[in-house]
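Biologist: I'd like to go through this model with you and hear what stands behind each label. Could you put it up?

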Amino acid sequence: MTSAHAEIPQNKQGHAGTTEVEALTVAVNDSFNTTLESLKDLVSIPGIAWASFDPKELDRSAEAVAALVKATGMDDVRILRCDKADGTPGGPAVVARRPAAEGKPTILLYAHHDVQPPGDSSLWNSEPFVAEEREGRLYGRGAADDKAGIMAHLAAYSAVTKVLGDGFGLGVTFFFEGEEEAGSPTFRTFLEEHQELLRADVIVVADSSNWKVGVPALTTSLRGLVDGTFEVRVLDHAVHSGMFGGPVLDAPTLISRLIATLHDDDGNVAVDGLVARDDVAVDLAEEDYRADASVLDGVKLAGSGTIASRLWTKPALSIIGMDVPSVDVASNTLIPAARAKFSMRLAPGQDPDLAMEALKAHLESHAPFGAKVTFTPGERGNAFSTDTSSAAAKVALWALGESWGVQPVEMGIGGSIPFISDLTDLYPDVQILVTGVEDPDSRAHSANESLHIGDFRHAVLAEALMLARLNAEGLGD
């Protein structure tokens with residue numbers, strides 16, 4: 001047995017009772033190889049919710065997940081979907097429900113089975129849809145984001161029901177979405193249509209990261225998001241660059257000048273009116289951030305304040321795509337128009353609508369040389385922050401520390417999970433916990449996505465401990 005598969009040591013101490021903790025540890029260890037093989041099988045299914053990919057694979061992914069849920073002993077297992085605004089079907093979600101015993105709370109366990117496209121296959125060191133173990137990690141598209149989240153939920157539930165038997169009265173609902181990587185286009189409609197089916201006292205969203213390998217974390221904040229496009233136009237049509245060049249600048253040059261106004265000389269976002277704070281409780285070492293983000297030697301980091309605040313509680317604005325002629329097909333012409341797509345992450349407390357308006361006003365007021373700027377808003381999503389003094393958060397932090405054997409970190413995440421605001425809208429009294437199985441080197445959405453196998457095992461045990469303690473103690477008054 002390799003070190004990546006090393007079993008979690010027993011004889012842990014905790015509120016769930018020493019005997020119970022040891023029994024759950026044994027149950028997780030005994031079934032872990034089966035859990036890992038099931039994860040590998042899921043990775044082999046290229047279920048992608050984008051319109052340009054075969055929807056049959058997404059259906060196959062949902063069917064495979066449903067079969068795994070049924071194997072845990074749940075009887076009420078359904079594959080459900082809603083139509084998008086244009087009438088086309090949304091991604092298939094797997095929903096399963098075990099009612100709570102009298103006086104027991106209900107917990108909803110969320111993850112998603114759809115994955116990102118693999119991208120350029122030449123950048124992968126192994127086939128993206130063939131799970132491969134190397135040096136203690138499992139490689140493959142979806143191995144971390146988020147099929148490991150599904151397997152952590154299922155394996156934890158299986159361990160608890162095996163150990164506690166009839167003594168387990170906690171209500172459990174599985175909700176495994178099938179279109180998260182496509183922006184969850186039917187999520188709100190799905191919640192509204194199945195509001196009572198999905199109602200819970202606690203929701204665990206297993207789609208985040210840990211602090212680093214060997215150190216768990218509870219995600220306490222997520223940034224919001226707005227995106228869209230803007231076009232800069234200077235000519236009605238392309239003209240010869242030699243005959244007309246000089247008195248007028250081409251659109252690629254002018255859009256570059258406009259983009260340059262979005263940050264100040266230090267790299268801070270220069271859009272007026274955005275929320276920004278520098279009040280995080282923990283920080284990242286610059287050398288750790290540079291290594292995790294693969295920053296090249298000599299590249300100066302942007303912005304001011306702590307590294308963590310720049311990642312979690314301040315806005316970040318990126319240009320993620322541009323429409324200009326490629327070098328290979330370029331001709332000697334003045335380009336009349338150029339278009340860029342932006343992605344702006346928002347600090348907790350920022351209204352996404354106000355942020356969108358602020359960016360629109362900035363771009364229009366900074367149009368270089370009087371160029372015509374056309375702004376087209378896209379998606380928007382709220383930020384998230386949680387109260388770690390809640391009963392569920394305290395249980396989660398205890399369980400993480402018990403499983404890993406080290407103090408967990410309460411950390412923010414620079415990314416966004418916009419659908420969480422839909423959950424809080426429809427279930428205002430629910431306690432939401434954001435956990436995950438990733439680490440800074442998981443490379444979700446990128447080539448060579450991977451999962452640390454040892455931390456995956458810890459994540460399974462932590463959730464099993466959390467379920468057992470919620471079953472024993474509930475949520476208090």
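Biologist: Why does Phe-369 count as exposed or buried, whichever it is?

Modeller: Exposed: the cut-offs are under 20% relative accessible area for buried and over 50% for exposed, with partly exposed in between, using a 1.4 Å probe and protein chains only. Phe-369 has 63% relative accessibility, so it counts as exposed. Before we go on: this is a predicted model, where local features need pLDDT of at least 70 and side-chain atom pairs count only at pLDDT 80 or more, while totals for chains, interfaces and linings use all residues. Residues are numbered from 1 along each chain as its sequence is written, and side-chain values use heavy atoms, with hydrogens and water left out.

Biologist: What makes the backbone at Phe-369 worth a look?

Modeller: Its phi is near 55°, a positive value in a residue other than glycine. Phe-369 sits in the loop between helix H9 (352-365) and strand E14 (372-381). Helices here are DSSP runs of H or I with at least four residues, strands are runs of E with at least two, and both are numbered from the N terminus.

Biologist: And Ser-184, why is that one called buried or exposed?

Modeller: Buried, because its relative accessibility is 11%. Ser-184 also has a positive phi, about 50°, although it is not a glycine. You'll find Ser-184 in the loop between strand E6 (171-177) and helix H4 (187-193).

Biologist: What joins Asp-145 and Asp-146?

Modeller: A cis peptide bond, with omega at about 10°. Asp-146 belongs to the loop between strand E5 (137-139) and helix H3 (147-164).

Biologist: Zooming out, what makes you call the protein as compact as a globular one?

Modeller: The yardstick is the globule rule, 2.2 Å times the number of residues to the power 0.38, and the radius of gyration is taken over C-alpha atoms. For 477 residues the rule gives 23 Å and the model has 24 Å, which is close, so the protein is as compact as a globular protein of that length. Along its principal axes the C-alpha trace spans about 85 × 45 × 45 Å. Twelve helices and 18 strands make up the count of elements, and 53% of the 477 residues are buried.

Biologist: What is the largest nonpolar core, and what makes it a core?

Modeller: A nonpolar core is a set of buried Ala, Val, Leu, Ile, Met, Phe, Trp, Tyr and Cys residues joined through side-chain atoms within 4.5 Å. The largest such set has 66 residues, and Val-69, Ile-107, Phe-174 and Phe-456 have the most contacts inside it. Helix H12 (residues 453-473) gives the most to this core, with twelve residues. There's also a second, separate core of 37 residues, which includes Phe-175, Phe-187, Ala-217 and Trp-312. As background, nonpolar side chains in soluble globular proteins tend to be buried together.

Biologist: Which residues does Ile-107 touch?

Modeller: Contact means heavy atoms within 4.5 Å. Not counting residues up to four places away in sequence, the partners of Ile-107 include Leu-170, Val-202, Met-466 and Leu-470.

Biologist: Why is Ala-462 called buried or exposed?

Modeller: Its relative accessibility is 5%, so Ala-462 counts as buried. Ala-462 is part of helix H12. Leaving aside neighbours within four places in sequence, Ala-462 is in contact with Ala-399, Leu-400, Ser-403 and Trp-404.

Biologist: How do you know which strands pair with E7?

Modeller: Two strands pair if DSSP finds at least two bridges between them. Strand E3 (residues 106-112) and E7 have four bridges, in the parallel sense. E7 and strand E17 (residues 431-438) have seven, and they also run parallel. Ala-206, for one, has Thr-435 in E17 as its bridge partner. As for cover, eight of the eight residues in E7 (residues 202-209) are buried.

Biologist: And what makes E13 a paired strand?

Modeller: Strand E9 (residues 224-233) and E13 share ten antiparallel bridges, and strand E11 (residues 316-323) runs antiparallel to E13 with seven bridges. Ile-319 stands opposite Phe-342 in E13. Seven of the ten residues in E13 (residues 337-346) are buried.
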